[in-house]
Amino acid sequence: MSYKGEILLDAGTNELEVVEFMLHSPTASDAGAMGYFGINVAKVKEIVTMPVPLEIPMTHPAVAGAMSLRGQVITLIDLAKWLGLPSTITKKTRVIVTEFNGAVTGFIVSSVSRIHRISWSQVVPPPSTASMGMSDSLTAVVKLDERVLLLLDFEAILAELNPNISLSARAGSIKSAEEREGRLILIAEDSGAIRRIIVNSLKTAGYEVVACENGEEAWNWLNDRVGAGEPLPDLLISDIEMPQIDGLHLLSRIKATDGLKQLPVVMFSSLGNDSNREKAIKLGAKDLILKPDLPHLVELVDATVLDTVLA
């Protein structure tokens with residue numbers, strides 16, 4: 001079943017759709033699932049029955065092999081093994097085929113149940129002490145009436161397993177640290193791994209950086225700063241998928257608010273399709289940058305903040 005293109009919600013509505021899936025113990029029934037999880041439908045290309053995998057030697061234990069999908073060979077990642085949970089293959093086992101950060105990947109799950117359309121206000125950061133020892137892999141928690149869904153940091157998982165995807169950024173060579181001194185960059189990014197890399201890279205380059213874990217935190221920080229009569233940052237770099245307030249909704253609020261609308265905003269997301277770029281530009285963003293461009297981030301910031309022309 002394909003989901004691509006079916007959930008393009010209106011820009012700035014602060015809504016998303018989440019595919020609910022489960023991970024089980026080897027003998028668990030649906031009622032005994034080890035955990036309820038979710039993934040943004042915008043990342044999902046399709047969901048297929050688990051095939052007989054093609055073997056890939058000398059790989060990470062969580063890599064279950066590969067599969068051929070309409071002529072394309074894609075890597076299969078067993079999410080249960082990645083999380084250190086028991087794993088087994090049954091007739092209900094499914095592969096969630098994702099497409100983000102320019103890569104198509106299959107994630108093996110025990111079963112898939114339904115799609116929830118929710119507000120980002122129902123999505124909150126994970127507790128400081130997450131259950132099942134998976135705090136490093138969690139990016140958010142979805143509060144439903146009957147249960148809680150755990151949202152995994154799929155971007156960090158894929159980056160760690162795929163050597164072709166870099167989660168490192170270089171300092172750049174367009175400007176010197178002295179020329180960047182005193183320039184303040186605000187970051188809104190819910191992935192802890194990516195947020196740390198962005199902050200460290202920009203600070204090493206000479207920028208001052210304030211980092212927020214979601215759109216609501218960034219919105220409150222900006223309003224507090226304006227209320228205190230302090231100048232706006234030179235640039236906001238915002239993810240799209242974030243708890244509480246998503247990046248597009250944050251952008252729409254900023255551009256509709258006197259005292260904030262002049263703030264330059266660049267969206268930085270794994271969901272870099274033409275539709276999302278068009279939404280971001282229409283709402284007032286300077287551009288939308290794909291997360292695989294992370295090694296070039298400092299250069300891109302230089303080009304925006306210091307009016308530098310990229311080579």
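Me: How far apart are the end C-alpha atoms of helix H5, and what span should its residues give?
Reply: This is a predicted model. In it, the end C-alpha atoms of H5 (residues 215-227) are 18 Å apart. At 1.5 Å a residue, its 13 residues should span 18 Å, so the two agree.

Me: Which residues of H5 are buried?
Reply: Gly 215, Ala 218, Trp 219, Leu 222 and Arg 225. They sit on the same side of H5, because their arc around the axis is only 130 degrees.

Me: Why would residues three or four places apart point the same way?
Reply: An α-helix has 3.6 residues a turn, so residues at that spacing point the same way.

Me: What do the buried residues of H5 pack against?
Reply: Two strands and a helix: S12 (184-188), S13 (208-212) and H6 (247-255).

Me: And which exposed residues are on the face turned away?
Reply: Asp 224 and Gly 227.

Me: New topic. How many cavities of 30 Å³ or more are there?
Reply: Three. The largest holds about 180 Å³ of space. It is lined by 18 residues.

Me: Which of those are closest to its centre?
Reply: Lys 43, Thr 139, Leu 152, Asp 190 and Glu 241.

Me: What classes make up that lining?
Reply: Eight residues are charged, six nonpolar and four polar.

Me: Which element gives the most to it?
Reply: Strand S2, with three residues. S2 (35-40), strand S10 (138-143), strand S11 (148-152) and helix H2 (154-161) each supply at least two.

Me: Switching to the backbone. What is phi of Arg 70?
Reply: Near 50 degrees, a positive value in a residue that is not glycine. Arg 70 lies in the loop between strands S4 (63-69) and S5 (72-78).

Me: Is Arg 70 buried or exposed?
Reply: Exposed. Its relative accessible area is 65%, and the cut-off for exposed is over 50%.

Me: What about phi of Gln 244?
Reply: Positive too, near 75 degrees. Gln 244 is in the loop between strand S14 (235-238) and H6.

Me: Buried or exposed, that Gln 244?
Reply: Buried, at 16% relative accessible area. Buried means under 20%.

Me: Last one, the whole chain. How many helices and strands does it have?
Reply: Eight helices and 16 strands. Of its 311 residues, 52% count as buried.

Me: And what share of contacts joins residues at least 24 apart?
Reply: 65%, among contacts between residues at least 6 apart in sequence.

Conventions: Residues numbered from 1 in each chain as written. Predicted model: local features only at pLDDT ≥ 70, side-chain atom pairs only at ≥ 80, totals over all residues. Heavy atoms only, no water. 1 Å grid on protein atoms, 1.4 Å probe; cavity = no way out; pocket = protein on both sides within 12 Å on 5 of 7 lines; lining within 4 Å. Points joined across faces, edges and corners; volume = space filled by probe spheres on them. Helix = DSSP H or I, 4+ residues; strand = E, 2+ residues; numbered from the N terminus. Nonpolar A, V, L, I, M, F, W, Y, C, P; charged D, E, K, R; others polar. Expected span 1.5 Å × (residues − 1). Buried < 20%, exposed > 50% of the residue type's maximum accessible area, 1.4 Å probe, protein only. Arc of directions from axis to C-beta. Contact = heavy atoms within 4.5 Å.
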